Amino acid sequence: MLIVPEREIAALMTEADAYEAVEAVFAAMARGEAVNFPVIREAIGHADALYGFKSGFDRAGEVLGVKAGGYWPGNAAKGLTNHQSTVFLFDPDSGRPAAMVGGNLLTALRTAAAAAVSIRHLARPEAKVLGMIGAGHQSAFQMRAAARVGNFERVVGWNLHPEMLDRLAATAAEIGLPFEPVSLDALGAEADVIVTITSSFAPILMAAQVRPGTHVACMGTDTKGKQEVEAALLARARVFCDERAQSVSLGEAQHAVAEGLLAPEAITEIGAVIAGLAPGRQSAEEITLFDGTGVALQDLAVAARVLEAARASGKALEVDIG
Ligand code: NAD
């Protein structure tokens, strides 16, 4: 069995690789070649932690595995990352463990890649202004990935905790784009693409604040109860997601569906757009909204790429498990 430690991941995975892996596996899902299994996520009654598994199988790519981990809110005080995860890959022919791959950086890269995939396939090609809502750990990854696929000329941002906006300013400077902190009204009025990446449990962005033609990638809502945008926005938008079952149960669409504002069948899995099986944006005026909940197959796809790179560069540790 091979081990690829967390410390090696940055050198083994690029944003471009993450984008390719995620786009390809979304399309494989749409073609019925790859499947996610039901998610387990539980409060363990220790260290205030949430712990769970996301697993799946990509039959075409022969990638079988599970991401295990969760959220330990007390970690930051110990100098550790709050979100902890590890990906385990198995040999699909024998079930034997094939690899253990650090999953923390990969989670950020694959989540940002999903938003970028949605931007490339759904945003208007002439989109110039990127709006960022959220300034936490994931936000920097999101901004970099969005900028890689869009021709953005500037970034506007809002965060509940304004002292965190420095992260957005620093990331924009790193990628060479001007950044301006703005009100939510101004953000909605100016942005062509909006990425939401917060841990909010109440709507931040209202339907009336979003102008026609905008693409919104809702990336923070990955748990029952979380919410970043007003449910009415989903009723107004053409809605896409990574996986419909997750979108309606723990994604941004959970609220609009529960309120009867959106039929689950009206949500298109983005893989179908990538694979040419469903249309994406249908007019320059419509609002497109991507509900990115984060599926196992994204984790497995990026971990499999890392494993390949680690093998090629001799960065994987080999352990004899008998
Ligand atoms: P973080 O803790 O570093 O940052 C949290 C962000 O949310 C900050 O911008 C903070 O100001 C904001 N925030 C906190 N409480 C809020 C509230 N009540 N209302 C509005 N904003 C609030 O977290 P992170 O690592 O950047 O992750 C952000 C979110 O993305 C989390 O909800 C996380 O679970 C989610 N996430 C989703 C996926 C996915 O695949 N969809 C993957 C990873 C993380």
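Begin by selecting helices α4 and α5, which are roughly parallel to each other (a label for angles under 35 degrees, with over 145 counting as roughly antiparallel, 65 to 115 as roughly perpendicular and the rest as oblique). This is a predicted model, in which local features need pLDDT of at least 70, side-chain atom pairs count only at pLDDT 80 or more, and totals for chains, interfaces and linings use all residues. Residues are numbered from 1 along each chain as its sequence is written, and side-chain values use heavy atoms, leaving out hydrogens and water.

**Stop 1: α4 and α5**

Helix α4 covers residues 137–149 and helix α5 covers residues 165–174; their axes come within 10 Å and cross at roughly 25 degrees. Helices here are DSSP runs (H or I, at least four residues), strands are runs of E (at least two), and both are numbered from the N terminus. Axes are lines fitted to C-alpha atoms, for helices over the stretch in contact, and angles run from 0 to 180 degrees between N-to-C directions. The crossing is right-handed, meaning that the near helix is turned clockwise from the far one by less than a right angle (anticlockwise would be left-handed).

Now show the side chains. His137, Ser139, Ala140, Met143 and Arg144 in α4 meet Arg167, Leu168, Thr171, Ala172 and Glu174 in α5, where contact means heavy atoms within 4.5 Å. This contact has four nonpolar, three polar and three charged residues. Ala, Val, Leu, Ile, Met, Phe, Trp, Tyr, Cys and Pro count as nonpolar, Asp, Glu, Lys and Arg as charged, and the others, Gly among them, as polar.

**Stop 2: the ligand**

Keep His137 selected and add Arg110, Asn159, His161 and Lys226: of the 24 residues around the ligand, these five come nearest. A residue is near the ligand if one of its heavy atoms lies within 4 Å of it.

Next look at polar contacts, pairs of N or O atoms within 3.5 Å; within protein, one must be able to donate a hydrogen and the other to accept it, and residues adjacent in sequence count only if both atoms are side-chain atoms.
- His161 has a polar side-chain atom 2.6 Å from an oxygen atom of the ligand.
- Asn159 places a side-chain N or O atom 2.7 Å from a ligand oxygen atom.
- Ser199 uses a backbone N or O atom, 3.1 Å from an oxygen atom of the ligand.

**Stop 3: α3 and α11**

Arg110 leads to helix α3 (residues 104–122), which packs against α11 at an angle of about 120 degrees, with the axes 9 Å apart. The two helices are therefore oblique to each other, and their crossing is right-handed. Leu106, Thr107, Arg110, Thr111 and Ala114 in α3 meet Gln298, Asp299, Val302, Ala303 and Val306 in α11.

**Stop 4: α2 and α11**

Stay on α11 (residues 296–313) and add α2 (residues 15–30); the axes come within 9 Å and cross at roughly 130 degrees. That makes α2 oblique to α11. Here too the crossing is right-handed.

**Stop 5: Ile3**

Finish at Ile3, in strand β1 (residues 2–4). The C-alpha atom of Met100, 97 residues away along the chain, is 4.8 Å from that of Ile3.
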